[in-house]
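Subject: Structure handover

Dear colleague,

Here is the structure I said I would pass on. My notes on the strands and helices follow below it.

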Amino acid sequence: MSYKSANEYYRSLFGQKVYRIALDAGCTCPNRDGSVGFGGCIFCSGSGSGEFAASREKPIVEQVKEAKERVANKSCSGKYIAYFQNFTNTYGDEDDLKAKYEAALSDPEVVGISIATRPDAISDKMYGILEELTKKTMVWIELGLQTIHEKTAKWMRRGYELPVFEEAVKRLSEISDLEVIVHVIMDLPKETKEMMLETIDYCSHLPIHGIKIANLNILRDTDLEKEYMKDPFSLMEMDEYIKFLEVVVERLRPDIVIYRFTGDGAKRALIAPLWVANKRAVRNAITAAFTKDRVVQGKAFHHENAG
Ligand code: SF4
């Protein structure tokens, strides 16, 4: 069974491997500052689900330079995607954010921009800025959906209802050349596998380009950690999860690019499930599950754990 990986997609676009470099635009989140809610999503860490981003104190140009230096030993490709990862990267003064996006793009080796945000935090002015950006470069917008089930969404304090997400996807898909990537979480407590697959089926019917699938990671110093410690719930073991992923991939529309298969929290902050920390073993197991054909043909395969 195969699927469209991020590496394959980048190669088809740019003819080579491309690295995503995580940047910090200095934003907060309406689900944390009181506009929508306080405390944020139950699983969100203090860094706004962006453990690997550069320091927000530094100007974007400097963040780009340092991020490139960090991956220099892995990459001689010379092509990067600026990834505004943590918190809500369309939330704030639009002109200020536009200047930050453009600062990242001023580096000639940055060939595109990926902006993570919430569907309820894109103003009309911001839609216009995003459209303008598509005239200059590749633009991906990443929206955190996590689940389509309202009961779970309330439990996780997502702070918006499904129609809000649908409206944002619709508006974004009307901007030609802008690609939407949706984040979903599997193995949420109180969700059956069938419920998780309903979320996947729903995504398959959206005008989206890509998906990031994560299994629920419980991170230190989150409200989820407190809940888990008080009343531990079971989480899938690696083998079970990868078997489940095979069903997920079968159900997903084949043209949707899969950017990620597991949660990607920092190892030092991970409480459970601990198998996620062994990235090499996870990567090998996923490769074995999905690339049997390609292995038989002796071709190399790379699973991108982007973001
Ligand atoms: S929307 Fe994102 S940044 Fe905001 S609380 Fe939820 S996970 Fe954290």
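Two strands count as paired if DSSP finds at least two bridges between them. By that criterion β3 and β4 are a pair: they run parallel and are joined by 5 bridges. Within this pairing, Tyr80 is opposite Val110 of β4. Please keep in mind that this is a predicted model.

The wider sheet is open and has 8 strands, paired in parallel in the order β1-β9-β7-β6-β5-β4-β3-β2. At its edges are β1 (4-5) and β2 (19-23), each of which pairs on one side only.

Most of my notes concern β4 (110-117). Of its 8 residues, 7 are buried, so β4 is largely enclosed by the rest of the structure. Besides its bridges to β3, β4 pairs in the parallel sense with β5 (residues 138-146) over 6 bridges. Here Ala116 stands opposite Glu142 in β5. The connection from β4 to β5 goes through helix α4 (residues 124-134), a β-α-β crossover that is right-handed.

A right-handed β-α-β unit is also formed by β3, α3 and β4. Its helix, α3 (residues 94-105), lies across β2, β3 (80-84) and β4, and runs at about 145 degrees to β4.

Elsewhere in the sheet, β6 (residues 178-186) and β7 (residues 210-215) form a parallel pair with 6 bridges. One of the bridge partnerships there links Ile181 with Gly210 in β7.

Regards

Conventions
Residues are numbered from 1 along each chain as its sequence is written. This is a predicted model: local features need pLDDT of at least 70, side-chain atom pairs count only at pLDDT 80 or more; totals for chains, interfaces and linings use all residues. Helices (H or I, at least four residues) and strands (E, at least two) are DSSP runs, numbered from the N terminus. Two residues are in contact if their C-beta atoms, placed from the backbone, lie within 7 Å. Axes are lines fitted to C-alpha atoms, for helices over the stretch in contact, and angles run from 0 to 180 degrees between N-to-C directions. A residue is buried if 20 or more other C-beta atoms lie within 10 Å of its own, exposed if 12 or fewer, and partly exposed in between; C-beta atoms are placed from the backbone. A crossover is right-handed if, with the strands pointing away from the viewer, the path from the first strand over the helix to the second runs clockwise.
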